[in-house]
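Student: I am new to this structure and would like a close look at one part of it. Could you take me to the largest cavity and show me what surrounds it?

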Amino acid sequence: MGVADRLEFRLLGPVEVWRGPERLAISSRHQLSVVAALALQPGRAVSVSALVDAVWEAEPPPSARRQVIKLVSRLRGTLGAAITTRLGDYLLDAEPDQADAGVFDSAVARARHLAVTDPAGAAEAIRQGLRLWRGPALSGVTPGLAAQAARLAESRLTALEDGIDWGLAAGGHATLVAELTVLVAEHPLRERLVGLLMLALHRSGRTAESLEVYRRTRDRLADDLALAPGAELQQLHLEILRDDSVPVPPPAPAPRSAARPDVALSRQLPAAVTGFTGRVAQLDALTGLLDRTDTVVISAINGTAGVGKTSLAVYWSHQVADRFPDGQLYVNLRGFDPGGLPVRPAEAMRGFLDALGVPAQRIPAGLAEQAALYRSQLAGRRVLVVLDNARDTSQVRPLLPGSAGCLTVVTSRDHLGGLVVSEGARALPLDLMTTAEAHDLLASRLGPGRLAAEPQAVGELVELCAHLPLALSIVAARVTLTPALSLTELAGQLRDVRDRLPALDIGDADVGAVFSWSYRTLGAAAARMFRLLSVHPGPVISLSAAASLLGTGRETARAALSELVKAQLLTEPGAGRFAYHDLLRAYSAERARTEETSQARRAALHRMLDHYLHTAHAATLLLNPPNDRLSLAAPRPGAVVEELAGDEQAWQWFTTERPVFATAVDRAAETGFATHAWQIAWSTASFCIRAGHWAQMVTTQQVAVAAAGRAGDPHGQAWSLRELGRAYIRLGRHPDARASLRRALELDERLGDLVGQARSHNNLGIVSYAQGAHPEALEQSKTAYALFHAAGHRPGQAEALNAIGWMQTQLGRHAEALRDCTRALELHRAVGSKHGEADTWDSLGCAHQNLGEHRPAIACYRNALDLFEQLGSRHPQADTLIRLGDTHRDAGDVPAARDAWLRALPILEDLHHPDAAALRARLAEHPAARTPDPPFV
């Protein structure tokens, strides 16, 4: 994307969006709220529920979710393809530096790095970041974002205080007095600002004024809040009274201090990690904790087995060891060690007290008394405490220092939520490595030349190792120990998932063994859930699908999944959605083959497929109530079917589960569940057509056709071939569409299925229309109508009538088209088909447009768009927008035409539709006059 096309989001003031030098026209407060909520988390999925909360602070209307979907649809018309969908959530496809809030955060992080060696440079870096602010953050949006606005405002004030701190450290006290005076007047009860003003005044030789500032603050706190100043402000006041040389309390750690005579210097860190790469963001986050001196600082690094928690903690600890002149304590708590019990807190405490030089006779017997002595030894000292491989919060809590000068780093497979809630720990989740980080890790172990010689194998190895640092390290070790083994050969050994774990075993380093340490801690239900999850084809599983695997209901399944998440054997990428990486899947499958019978695994698979089939079938009927129905077998006992209340919930379920459909159909077909395969494929087809997932639909329907054929089920073959034909039509593969539909028609005729024959003729008419054979298309539609009429199928009659009307518009018979489409509209309304109604409004608009009746054409198109937006029908929406734009152009309103075309373009681009190129050309032929404003810098 060039500079002229780059989107930039201004959040630090009135919310604005810029494309290059042009400010985009977004005037609706609701749309601005959606933009802001997405831009606050660029590149991260934001749920519809979160957007509802952003738009409506409390008591959202019943239609809130639908309104949010409309708002996003309209924003896509303005922002193009920047807003994408992921598992039913929305995502702003942007980098952090495309939002001024992200630029500000980077400036603050850069300043905090500089502060260690260059306080003056850090102060200037903060100033540069503060210049991005144009007023109160998130101005012009709805109250639902008030909390985020308050958070940004607090970040600004904290950054401002840090910058002043560093300015004082650089000797700028005289120049900062005026600014601090104004700030304290604006924030009279913010004690850190008060203390900075007192320091600046005192160091400028204005001690009396400094003491007067303290007196006023003390009196105001007493009068307004019945409180006394905090301990730090009181201490500063005493030091100024004594006329001590008051040090500036910098955000960076205090300088090296001499060890107390009664506290030994301890250097317990393990050897530094060689070849450590990546994890820049996590290292920055840890280093950022060094700036905090007001609280007991704890970082809880959590992540799955083998993700590199210990490597990160030890590597970082060595980098900052000189910042802790009074020593570094380390203990491996062996929370998930297969060889024995976790280290008891009392045992670890005794080790720390010994390291601190406390004589044995002084160490009390009780843990509470030992902890008190331990904290006394660390009081006033700067010591780094590393608690590695903790089992849970209870194992960690007694070992935490009580001194604000100390910093504790904890690593665990547990989330350690208790530390976050009670001790204010900073949670630092550690995920799998990025592709670049994984590549760098291999390069650090094998050398760049070895990787450059086999680049394709390197990429495959990274994927086969699931981006897991432990697995990548084992791969590097195997190559190092066996120089004759090429990377390509090793990748070949790892391709079979059943051979992968044994191939990643080299003595003490064994991925499967590491996973087993977590697996052995599980309760019976969680362990069985972990095993049966391997039956699911992935990539993500819902609570209901997991409950169907287990066969014991949602509550038991929820408890088991929560235990697996806590043990870091699963992640929860979205509320009620669970996943794990491929190596854990391989380990899960290995445990299932060992500990579950084949009958148990097949029964779990059957329940899971029943969940998807029955829920998808119910959902497709909700989206289009007059739709044809399948004759389904009853679900197996233990299968959980989602209860969907309406078309909105149905659409949301389809959107969320879409990545699972193709894999579920594949799994059903390859395991002998042929009926499930084609029926799940059929039940998801209408959604895929409307949402534009046509390529996926082709693949899925091909599997369904083959499965039904192997099972000798001509009925299933015919239904699947019709859906395959519909997908081919959308992709412009008209010969393939015609061949599929003719095969379906032959089967329908042999089976005597009138409705099936009618649907095949209807779709053959669409193929003829797409190939320019309009008279033939009209005849196919008339044949379809006659068959639907003979079968007494009213929804089908309505569809065929609309098709007849549309074909008449292409043949110039616009008055006849209006007559037939009006009849179709009445019939669609009678049977309750919103999608059919939307299609017919579009046809009526086309007839009026061709008659030169611009006003009624525009009204019809808008009716169609309202329904298409409600239904989430993306490609029909784009088609209607193009025709609406053409009508505005014909009526002489080029700006309105461009607006409609611009709304259609990102839809076509997102669908990779060939019509996008023609639409871009149309926009180029009708340029808009622009009055640019300067973008933010």
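Tutor: Happy to! The largest cavity has a volume of about 100 Å³. A cavity here is a set of points, on a 1 Å grid over the protein atoms alone, where a 1.4 Å probe fits but cannot get out; grid points are joined across faces, edges and corners, and the volume is the space filled by probe spheres set on the points. Searching the whole structure turns up five cavities of 30 Å³ or more.

Before going on, please keep in mind that this is a predicted model, in which local features need pLDDT of at least 70 and side-chain atom pairs count only at pLDDT 80 or more, while totals for chains, interfaces and linings use all residues. Residues are numbered from 1 along each chain as its sequence is written, and side-chain values use heavy atoms, with hydrogens and water left out.

Now to the walls. The lining, meaning residues with an atom within 4 Å of a point, consists of Arg66, Ile69, Leu623, Asp647, Glu648, Trp651, Glu869, Gln870, Leu871 and Gly872. Two or more of the lining residues come from each of helix H3 (64-79), helix H29 (647-670) and helix H39 (854-871). Helices are DSSP runs of H or I with at least four residues, numbered from the N terminus. By character, the lining divides into four nonpolar, two polar and four charged residues. In this scheme Ala, Val, Leu, Ile, Met, Phe, Trp, Tyr, Cys and Pro count as nonpolar, Asp, Glu, Lys and Arg as charged, and the others, Gly among them, as polar.

Let us follow one lining residue, Glu869, a little further. Its side chain meets that of Arg903 in a salt bridge, at 2.8 Å from N to O. The term stands for a side-chain nitrogen of Lys or Arg within 4 Å of a carboxyl oxygen of Asp or Glu. This pair links distant parts of the chain, with Glu869 in helix H39 and Arg903 in helix H41 (residues 894-910), 34 residues apart. Are these partners buried or exposed? Glu869 has 4% relative accessibility, so it counts as buried, and Arg903, at 18%, counts as buried too. Buried means under 20% relative accessible area, exposed over 50%, and partly exposed in between, with a 1.4 Å probe and protein chains only. The count for the structure comes to 42 salt bridges, including the one between Glu869 and Arg903.

Key:
On a 1 Å grid over the protein atoms alone, a cavity is a set of points where a 1.4 Å probe fits but cannot get out, and a pocket is an open set with protein on both sides within 12 Å along at least five of seven lines; lining residues have an atom within 4 Å of a point.
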